[in-house]
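Reader: Got a minute to go through this one with me? Show me the fold and we'll take it from there.

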Amino acid sequence: MMNDGMCRAGARAFALLRARGEHVSFAESLTGGLIAATLVENSGASAVLDESYVTYAPESKMRILGVARETVETVGVVSARCAREMAAGVRRISGADWGVSATGLAGPEGGTAETPVGTVFIGVAGPEGARALEFHFGGERPQVRAQAVQAAFEALCEAMEAANRQSTSQN
């Protein structure tokens with residue numbers, strides 16, 4: 001299931017986290033633990049990975065991560081708001097420097113005209129708050145999931161690099 005793009009992105013995130021002396025935790029839905037599994041392909045991953053949760057059902061997102069019931073009932077679990085709340089929640093409960101989440105529709109069922117299969121939201125929460133990115137991936141279920149994993153690591157790396165730029169500009 002792992003491809004070169006995923007592994008390269010995971011290795012880059014691992015190297016940045018390790019160089020910064022920081023930790024990450026994951027809250028995964030459509031990726032089902034694949035983000036964490038990709039990170040632990042790197043020897044020494046325990047130096048950067050605190051914990052990881054697969055919160056596939058809406059109830060688990062609310063119970064474990066603290067996603068608001070209103071979010072689930074009004075905008076749904078495949079949304080930027082849910083991804084932000086998942087990322088912020090996993091960061092809060094784990095005490096990690098960074099929280100990363102993935103929620104979306106890997107297919108082949110479940111898509112609608114408004115939210116087609118391949119719609120993925122990646123959330124990243126860090127010292128400056130939480131944000132979410134929206135993606136529309138093509139391919140079959142395995143390809144959508146792999147692209148989501150790669151996007152999650154890329155979003156984390158971008159957030160860490162932005163934090164570096166911000167701290168550098170303040171000095």
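**Strand 1 and the sheet**

Author: Strand 1 is largely enclosed by the rest of the structure, because 5 of its 5 residues are buried (under 20% relative accessible area, with exposed over 50% and partly exposed in between, using a 1.4 Å probe and protein chains only). This is a predicted model, where local features need pLDDT of at least 70 and side-chain atom pairs count only at pLDDT 80 or more, while totals for chains, interfaces and linings use all residues. Residues are numbered from 1 along each chain as its sequence is written, and side-chain values use heavy atoms, leaving out hydrogens and water.

Reader: Which way do the strand 1 residues point?

Author: Val 24, Phe 26 and Glu 28 point one way, Ser 25 and Ala 27 the other, and all are buried. In a regular strand, side chains alternate between the two faces of the sheet.

Reader: And what's the strand order in the sheet?

Author: The sheet is open, with 5 strands in the order 2-1-3-4-5 and mixed pairing. Strands here are DSSP E runs of at least two residues, and helices are H or I runs of at least four, both numbered from the N terminus; two strands pair if DSSP finds at least two bridges between them. Strand 2 (49–54) and strand 5 (129–136) are the edges, each pairing on one side only.

Reader: In what sense do strand 1 and strand 2 pair?

Author: Parallel, over 4 bridges, and Val 24 has Leu 49 in strand 2 as its bridge partner.

Reader: How about strand 4 and strand 5?

Author: Strand 4 (residues 119–126) pairs with strand 5 in the antiparallel sense over 8 bridges. There, Ile 122 is partnered with Leu 133 of strand 5.

Reader: Switching to that edge: is Gly 129 buried or partly exposed?

Author: Gly 129, in strand 5, is partly exposed, at 38% relative accessible area. Its C-alpha is 9.8 Å from that of Trp 98, 31 residues away along the chain.

Reader: OK, helices. At what angle do helix 3 and helix 5 pack?

Author: Helix 3 (residues 58–65) and helix 5 pack at about 40°, with axes 9 Å apart (axes are lines fitted to C-alpha atoms, for helices over the stretch in contact, and angles run from 0 to 180 degrees between N-to-C directions). The two helices are therefore oblique to each other; angles under 35 degrees count as roughly parallel, over 145 as roughly antiparallel, 65 to 115 as roughly perpendicular and the rest as oblique.

Reader: Which residues meet there?

Author: Lys 61, Ile 64 and Leu 65 in helix 3 meet a set in helix 5 including Met 86, Val 90 and Ile 93, contact being heavy atoms within 4.5 Å.
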